[in-house]
Amino acid sequence: MSTDKPAEQSRPEKPKTSPGRRKFLSGMAGAAGCGCLMALGVGVYSHQASALAALALRPPGALPEAEFLAACTRCGLCVRDCPPGILKLAAPGDPVPTGTPYFTARTGPCEMCPDIPCIRNCPTGALDPKLEDINEARMGLAVLIDQETCIAFLGLRCEICHNVCPVSAEKTTADGQVERIKAITLEKRHNPRSDKHAMLLPTVHSDLCTGCGLCEKACILAESAIRVLPPALAQGRIGEHYLKGWEEKEKHGGSLIGPQQEFEVRGLEGRAYGDTRVYDGPPPRLDDLADPPDPEFFNGPAPGSEP
Ligand code: SF4
Ligand code: SF4
Ligand code: SF4
């Protein structure tokens, strides 16, 4: 009995590949693989580059995010020269475009070095050298994100975030006094729960806050109730077409529409203009009131009167 295998014998012989051709083909396969990985890398990178993660903050003076990414060469000199070492270069997998500098307020806030060495050592201007005063930096904005857990909003005493805030400036108050205030002030409110004590509520002033993150780091809660968010996340933007009447009035030194005609509202005849209070029974006539309301209470000061 023959042990020959006819099927195998009839299979056509594979064309022989020369060693040179094999090398060429494996080189091409390697290049294609690299190309795929690069495409994947670029895809991931551009996904990351579209927005800065909520808890990642750029160093002081960073240009707006898109311009910053274009200008930063990922050299790491700002990171090297940050004295407290809070800046990091993003590694692959971090929620920030790889190789770019950032810090996280809760674990390492910016200590606001007066000479701003991170900016002085940036060779490309991605950290704007025109920023000379660290108090003018806008790395982010502190936002009290949770009134349900903040100790002060619970009516208990905590003013740690206010105490650690290093930024303050002189401001003119409504009654013309000049006061030095911090970027976080404590606003006094009635405590409706105890009905006895005042609540001192931390309030951030966006025109002063540098976004250093010292308040977020210091918050005594297990998860901070105050967080510094990148500027684009922290604030809205009013449409260009909105004009604030009170600002326009101030700019023009008075009302833009001049004196207004006052019309009586039907059913409120005889009452001071603007007095829409609800009375039990028929509303008293203005002339009948023993203690008539001061018209200025409703109408503001009469034109030309002393303030
Ligand atoms: S100001 Fe100082 S602490 Fe803040 S990022 Fe720059 S070098 Fe670091
Ligand atoms: S981030 Fe906090 S501590 Fe820093 S300036 Fe703003 S309010 Fe003050
Ligand atoms: S430190 Fe935290 S808990 Fe205390 S007042 Fe500030 S935000 Fe509230």
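This report describes the confidence, the nonpolar core and two ligand surroundings of a predicted model.

Residues are numbered from 1 along each chain as its sequence is written, while chains are lettered from A and ligands numbered from 1 in the order in which they are written. In this predicted model, local features need pLDDT of at least 70 and side-chain atom pairs count only at pLDDT 80 or more, whereas totals for chains, interfaces and linings use all residues.

The protein has a mean pLDDT of 81, with 72% of its residues at 70 or more; pLDDT is the predictor's confidence in each residue, from 0 to 100. Over residues 1-17 pLDDT stays under 50, and it also stays under 50 over residues 27-49.

The largest nonpolar core (buried Ala, Val, Leu, Ile, Met, Phe, Trp, Tyr and Cys residues joined through C-beta atoms within 7 Å) holds 47 residues, of which Cys-118, Ala-142 and Cys-215 touch the most other members. Here, a residue is buried if 20 or more other C-beta atoms, placed from the backbone, lie within 10 Å of its own. At least three residues of this core come from each of domain 1 (49-134) and domain 2 (140-234), with bounds from an automatic or database domain assignment.

Ala-142 is also among the residues closest to ligand 2. A residue is near a ligand if its C-beta atom, placed from the backbone, lies within 6 Å of it; in the table, Ala, Val, Leu, Ile, Met, Phe, Trp, Tyr, Cys and Pro count as nonpolar, Asp, Glu, Lys and Arg as charged, and the others, Gly among them, as polar.

| Ligand | Residues around | Classes |
|---|---|---|
| Ligand 2 | 14 residues | 11 nonpolar, 3 polar, no charged |
| Ligand 3 | 14 residues | 13 nonpolar, no polar, 1 charged |

Conventions: Contact = placed C-beta atoms within 7 Å. Buried ≥ 20, exposed ≤ 12 C-beta atoms within 10 Å, placed from the backbone.
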